[in-house]
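I opened this notebook to record what I looked up in the structure, entry by entry. The ligand site comes first, and other parts of the chain follow.

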Amino acid sequence: MKALEGVKILDFTHVQSGPTCTQLLAWLGADVIKVERPGVGDATRKQLVDKPGADSLYFTMLNHNKRSIELNSKNETGKEVLTRLIKACDVLVENFAPGALDRMGFSWENIQRINPRIIMASVKGFGPGKYENCKVYENVAQCSGGSASTTGFLDGPPMITGAQIGDSGTGLHLALGIVSALFQREKSGRGQRVLAPMQDGVLNLCRVKLRDQQRLSAGPLTEYSQFSSGIEFGDATPRAGNDSGGGHPGRILKCKGWRNDPNAYTYFITQTAVWEKICDVIGEPEWKTREGYATPAERLDKLDDIFNRIEQWTMTKTKFEVMDICNPLDIPVGPIISMKEIMEDEGLRRTGTIVDVDHPERGRYTTVGCPIKLSDSPVDVERSPLLGEHTREILEDVLGYGGEDLARVIESGAVGEIKS
Ligand code: CAO
């Protein structure tokens, strides 16, 4: 038994934002039916290809535990099949460019008419307004949602973060909207529209930066290293480098080996509660009582000097030694973990967050499993489907096509070449 067992998802998503959402729903137990253009499929199948002829990692890592049906939703028979899918499913998820579904003839009004209980969930770049018709990719969302202007260093340009907060972040928001709408439907009996605009999702993840925007009117942001460096603040939340976004100052500091290893660094937080232990560890016990160092407020204009001194200590240790020394003392530190190290992490493998998956075209590959753990709904990560792998099975078992009717649909060309 899985949490979302019995829920059928018509997965009309592509690229990253929508597929991350439906992949999560599949991991939570939903039956996810991915609808793809015959002969073409999700564009990511053939993007960033590392093994010629095989589906790319870009595709496989975003589409586990789904079934694939090839369907041309723009011809008459294709529209008939899509209509039957809408009737059979609980949720339709899509992230087409604005207006694409309407152009196919499947507006929300029509979809609702076909199945009043259906939930229609969409990712779009922007919510209603001036930019609602724009196509949007990850980095555009990071720029429009406030992330880029607040990421990077003060003396450098705005910066994109490696975490896919625009795509995967919005996929997460959408998944929560879908599950909530399913819960509400239990009582109301009705479906509804769920919209997760990428700009809004990114902004939600940047909420502490909007907090700082308002704090600026009360004076400089004293926990920013900009303050301790004596640089004046402008009228917008500045880029804060690696400063901590919370009340306890933090920085990324060099560790032993940093000259040759780009990831020999640690994050170090000077949490107030453990300040005295930090002083002892770095060999500055007199800082515990010295005027100008004893309290957090006094330290604010000396953070550059303080972190330089802490770094002198961290540079004598590897990032893992820093962790081993600080952890028992409750000093919050975090080694900078590379993707290579993550691939090899035994702990993440034990919990199923890193898994190896077999694929008929590409062999064995490593992927990120479900990051959410439900004690009563275990996740088995299954490989992504080949293009149209389940077309016949979905036509027959989900939609009830058979005999001459099935032959008619196949011969129409609406569902591509049947593979089994
Ligand atoms: N059968 C027939 N036609 C199909 C089809 C199918 N099974 N699946 C898709 N199509 C058609 C669409 O109807 C559309 O046709 P029209 O332009 O004639 O209406 C066409 O394929 C292209 O769809 P698209 O415009 O969504 O795709 P794109 O590659 O041009 O744009 C993207 C991609 C991501 C920019 C756009 O979809 C978008 O802005 N989506 C919303 C925001 C989003 O999710 N962005 C994140 C994506 S991940 O970085």
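**Entry 1: ligand site**

How far is an oxygen atom of the ligand from an N or O atom in the side chain of Arg-103? I read 2.8 Å for this pair. I note at once that the model is predicted.

I then looked up Lys-135, where an N or O atom of the side chain lies 2.4 Å from an oxygen atom of the ligand. For Phe-96 the atom concerned is a backbone N or O, and I find it 3.4 Å from a nitrogen atom of the ligand. Taken alone, the ligand exposes 950 Å², and I see that the protein buries 84% of that area.

I next listed the surroundings of the ligand. The shell holds 24 residues, and the closest are Lys-74, Arg-103, Lys-135, Val-136 and Asp-167. Which helix gives the most to this shell? I find helix 4, residues 100-104, with 3 residues.

**Entry 2: Glu-94**

I turned to Glu-94 by way of Phe-96, since both appear in one polar pair: a polar atom of the Glu-94 side chain lies 2.9 Å from the backbone nitrogen of Phe-96. Phe-96 therefore enters my notes twice, as its backbone also provides the N or O atom 3.4 Å from a ligand nitrogen.

I place Glu-94 in strand 4, which covers residues 91-94. Is Glu-94 buried or exposed? Its relative accessibility is 3%, so I enter Glu-94 as buried, the limit being under 20%.

I checked the side-chain partners of Glu-94 as well. A polar contact of 2.6 Å links the side chains of Glu-94 and Ser-122. The side chain of Lys-124 makes a polar contact with that of Glu-94 at 2.8 Å. Setting aside neighbours within four places in sequence, I find Glu-94 in contact with several residues, including Phe-12, Thr-13, Leu-101 and Met-120. Ser-122 and Lys-124 are also among them.

I recorded one C-alpha separation for Glu-94. Gly-146 is 52 residues apart from Glu-94 along the chain, and their C-alpha atoms are separated by 25 Å.

**Entry 3: Glu-284**

I looked up a second glutamate, Glu-284, which lies in the loop between helix 11 (275-282) and helix 12 (296-299). Glu-284 counts as buried because its relative accessibility is 14%. Which residues does Glu-284 touch, not counting those up to four places away in sequence? I find Cys-279 and Arg-309.

**Entry 4: a nonpolar patch**

I went on to the surface. Leu-172, Ile-372 and Leu-374 make a nonpolar patch of about 240 Å². I find Ile-372 in the loop between strand 11 (363-368) and helix 17 (391-398). Its relative accessibility is 38%, so I enter Ile-372 as partly exposed.

**Entry 5: the whole chain**

I closed with totals for the protein chain. I count 18 helices and 11 strands. The C-alpha trace spans about 90 × 45 × 40 Å along its principal axes. Of the 420 residues, 45% count as buried. The chain exposes about 20500 Å², and carbon and sulfur atoms supply 54% of that area.

What share of contacts between residues at least 6 apart in sequence joins residues at least 24 apart? I record 66% for the protein chain.

Technical notes
Residues are numbered from 1 along each chain as its sequence is written. This is a predicted model: local features need pLDDT of at least 70, side-chain atom pairs count only at pLDDT 80 or more; totals for chains, interfaces and linings use all residues. Side-chain values use heavy atoms; hydrogens and water are left out. Patches are made of residues with over 30% relative accessible area and no salt bridge: like charges are joined within 9 Å, nonpolar side chains (Val, Leu, Ile, Met, Phe, Trp, Tyr) within 5 Å. Accessible areas come from the Shrake-Rupley method with a 1.4 Å probe; for residues, only the protein chains shown count as cover. A salt bridge is a side-chain nitrogen of Lys or Arg within 4 Å of a carboxyl oxygen of Asp or Glu. Helices (H or I, at least four residues) and strands (E, at least two) are DSSP runs, numbered from the N terminus. Buried means under 20% relative accessible area, exposed over 50%, partly exposed in between (1.4 Å probe, protein chains only). Contact means heavy atoms within 4.5 Å. A residue is near a molecule or strand if one of its heavy atoms lies within 4 Å of it. A polar contact is a pair of N or O atoms within 3.5 Å; within protein, one must be able to donate a hydrogen and the other to accept it, and residues adjacent in sequence count only if both atoms are side-chain atoms.
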